[in-house]
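Below are some notes for a colleague who is opening this entry for the first time. They begin with the ligand and then turn to the domains and to a few single residues.

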Amino acid sequence: MRDILSALGLQDSSPGAFGKSTISSSSGREVRVVSPANGAELGRVAVADGAAYDRVVSDALEVFKEWRKVPAPERGELVRKVGLALRDSKQQLGRLVSAEAGKILSEGEGEIQEAIDIADFAVGLSRQLYGKTMHSERRNHRMYEQWHPLGIVGVITAFNFPAAVWAWNAMIAAVCGDVVVWKPSELTPLTAVAVNSICRQVAKQSGFEGIFSLVVGDGPELGQKLAADARVPCISATGSCRMGKAVAKTVAERLGRCILELGGNNATIVMPDADMKLVTSGVLFGAVGTAGQRCTSIRRALVHESVMDQFLEKLVAAYKQVRIGDPLVKGTLMGPLIHAGAVDSYRAAVERVSKEGGQVAYGGKVLAGMPSPLYVEPTIVKAHEGMQLLKEETFAPILYVVPIRDVEHGIEINNSVSQGLSSSIFSRNMQSVEGFLSAAGSDCGIANVNMGTSGAEIGGAFGGEKETGGGREAGSDSWKQYMRRQTCAINYGDDLPLAQGVVFS
Ligand code: NAD
């Protein structure tokens, strides 16, 4: 690991503020990063103080004034080079993500691949920032809309996607002519410093080092500063609903723009006609992958009562095969939780199961004798729809299995929680599938068929409804949130006709 850290330019103690150049901070504080996999210290990052934060934002503002004038396809060319540079470091960055966030190596590398994919997407997008033209009701007039760069995009990210979520925002923002100030999770600042440094080097070669800037904090303080900062017209915040509510309030007070990507509480519906092989692998990956620490993890399986026994039997057999251990070791399927607090939340949820009338069908224990105390058993709970636990997002591999009578019942339970991120159905019946996808079906931002709720591709707009925050990132037309729309009307005649036939003479 030492070799990888130094190849990525990380020192024992790395700086934590970067604007047009590295900015020193006199906070005297450092974030100490410990791998959840084995408790080893991976490094330390200096915490940016208020002055360093201010310098980063004023640098970003200065760079924006020039960057916005660069033609969008040329901005795309810079992002193309960023994608190539990320490709060159994919293995090393993947290992770092794995060591720092505790996800298995294949998911760590997959996360960097996602950053590469969105860079590729953004390159194409740089030639497709289309505006509409409209027919004017006035003679000899033309109307159209155009999209201009917005300014600084403040990106606050969560620990569980320490690189990809930033890239979803930063690659799109960059081709849109914006500059980005990144405030990563205090749990995963090393990935942020390494990824940002690679992208900054590329930007520097084009004379725009400050497009991608970074401030590392050791708590909510810098995120709060960003949210309150009127110089930052758009805040994209990913994390818990609690954080999103605080950020939304602060940004709303200054009438800024917010893209919120918050907690999920995702369900899959299993119908009697489903292919059970697909169901078992889909639910296994969705509930156990990333140790249940994806915003899109499957937390509730809503299973038709006629196939419940078969479902549980196959799923328990699959859970028994899950290799739990060091995420960097090939063959491991499930690594640790991120920190002791997450283990406490897991334990507390399991303890509540029987009190709320449920029953642990598999797992339920914190594992002893592992390389760190953060490993838990993936857990299956036989639950009923009245349980309060089902309404909450416990960020751990706990799957609540609830019997349903029919698809309508499944949809009702799917929609009965306050979050609205992802959902899915396993069925080959057209009526069930189309009902689930209809206006009266799933109320989530993502609705999948014959697959789990996690593992989205970058081509679609990603995000969810209700307390998930309503934001959309990545593909489709998410780019529009990173630009300001301008409606233009041009008179090329000799008269000045007024709209709506108004006469003023
Ligand atoms: P968290 O809310 O604890 O922290 C996320 C980020 O917000 C961190 O950078 C943190 O420093 C910052 N922050 C915390 N309080 C803040 C405040 N008051 N003001 C400004 N910034 C603040 O979340 P986490 O534990 O890192 O991540 C897990 C959560 O993130 C889960 O709820 C998960 O579902 C959610 N998540 C959502 C998505 C999505 O796209 N919808 C993606 C990943 C994670």
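1. This is a predicted model, and everything that follows should be read with that in mind. A good place to begin is the ligand, which has 29 residues around it, and among these T157, K183, E186, S240 and E393 come nearest.

2. Three polar contacts of the ligand can be followed atom by atom. A polar backbone atom of T157 is 2.8 Å from an oxygen atom of the ligand, and an oxygen atom of the ligand also lies 2.5 Å from a polar side-chain atom of S240. A nitrogen atom of the ligand, in turn, is 2.8 Å from a polar backbone atom of L262. As for cover, the ligand taken alone exposes 850 Å², and the protein buries 90% of that.

3. Which elements give two or more residues to the shell around the ligand? They are helix 8, which spans residues 221-228, and helix 9, which spans residues 241-253. Helix 9 gives the most, with four residues. Sorted by class, the shell around the ligand consists of 13 nonpolar, 11 polar and five charged residues.

4. The protein chain is divided into domain 1, made of residues 2-262 together with 469-486, and domain 2, which covers residues 266-449. The centres of the two domains, taken over C-alpha atoms, are separated by 31 Å, and the contact takes 21 residues from domain 1 and 24 residues from domain 2. Why can the ligand be said to lie between domain 1 and domain 2? Both domains give residues to the shell around the ligand, so the ligand lies between them.

5. L222 belongs to helix 8, which is one of the elements that give two or more residues to the shell around the ligand. L222 counts as buried because its relative accessibility is 3%, where the cut-off for buried is under 20%. Leaving out residues up to four places away in sequence, L222 touches A48, Y53, K183, V215, V216 and G217, and K183 is also listed among the residues that come nearest to the ligand. As a guide to distance along the chain and in space, L222 and R323 are 101 residues apart in sequence and 38 Å apart from C-alpha to C-alpha.

6. E111 is found in helix 5, which runs over residues 105-125. Is E111 buried or exposed? At 1% relative accessibility E111 counts as buried. A polar atom of the E111 side chain lies 2.7 Å from the backbone nitrogen of A163. The residues that E111 touches, not counting those up to four places away in sequence, are V97, K103, N160, F161, P162, A163 and A164, so that A163 appears both in this list and in the polar pair described above.

7. R2 lies in helix 1, which covers residues 2-7. With a relative accessibility of 48%, R2 counts as partly exposed, since that class lies between the cut-offs of 20% and 50%. Its contacts, leaving aside neighbours within four places in sequence, are with D12, E41 and L42, and the side chain of R2 reaches the backbone oxygen of E41 at 3.1 Å. R2 and G43 are 41 residues apart in sequence, while their C-alpha atoms are 9.6 Å apart in space.

Methods: Residues numbered from 1 in each chain as written. Predicted model: local features only at pLDDT ≥ 70, side-chain atom pairs only at ≥ 80, totals over all residues. Heavy atoms only, no water. Buried < 20%, exposed > 50% of the residue type's maximum accessible area, 1.4 Å probe, protein only. Polar contact = N/O pair within 3.5 Å; in protein donor to acceptor, adjacent residues only side chain to side chain. Contact = heavy atoms within 4.5 Å. Near = heavy atom within 4 Å. Areas by Shrake-Rupley, 256 points an atom, 1.4 Å probe, with all protein chains shown as cover. Nonpolar A, V, L, I, M, F, W, Y, C, P; charged D, E, K, R; others polar. Domains from an automatic or database assignment.
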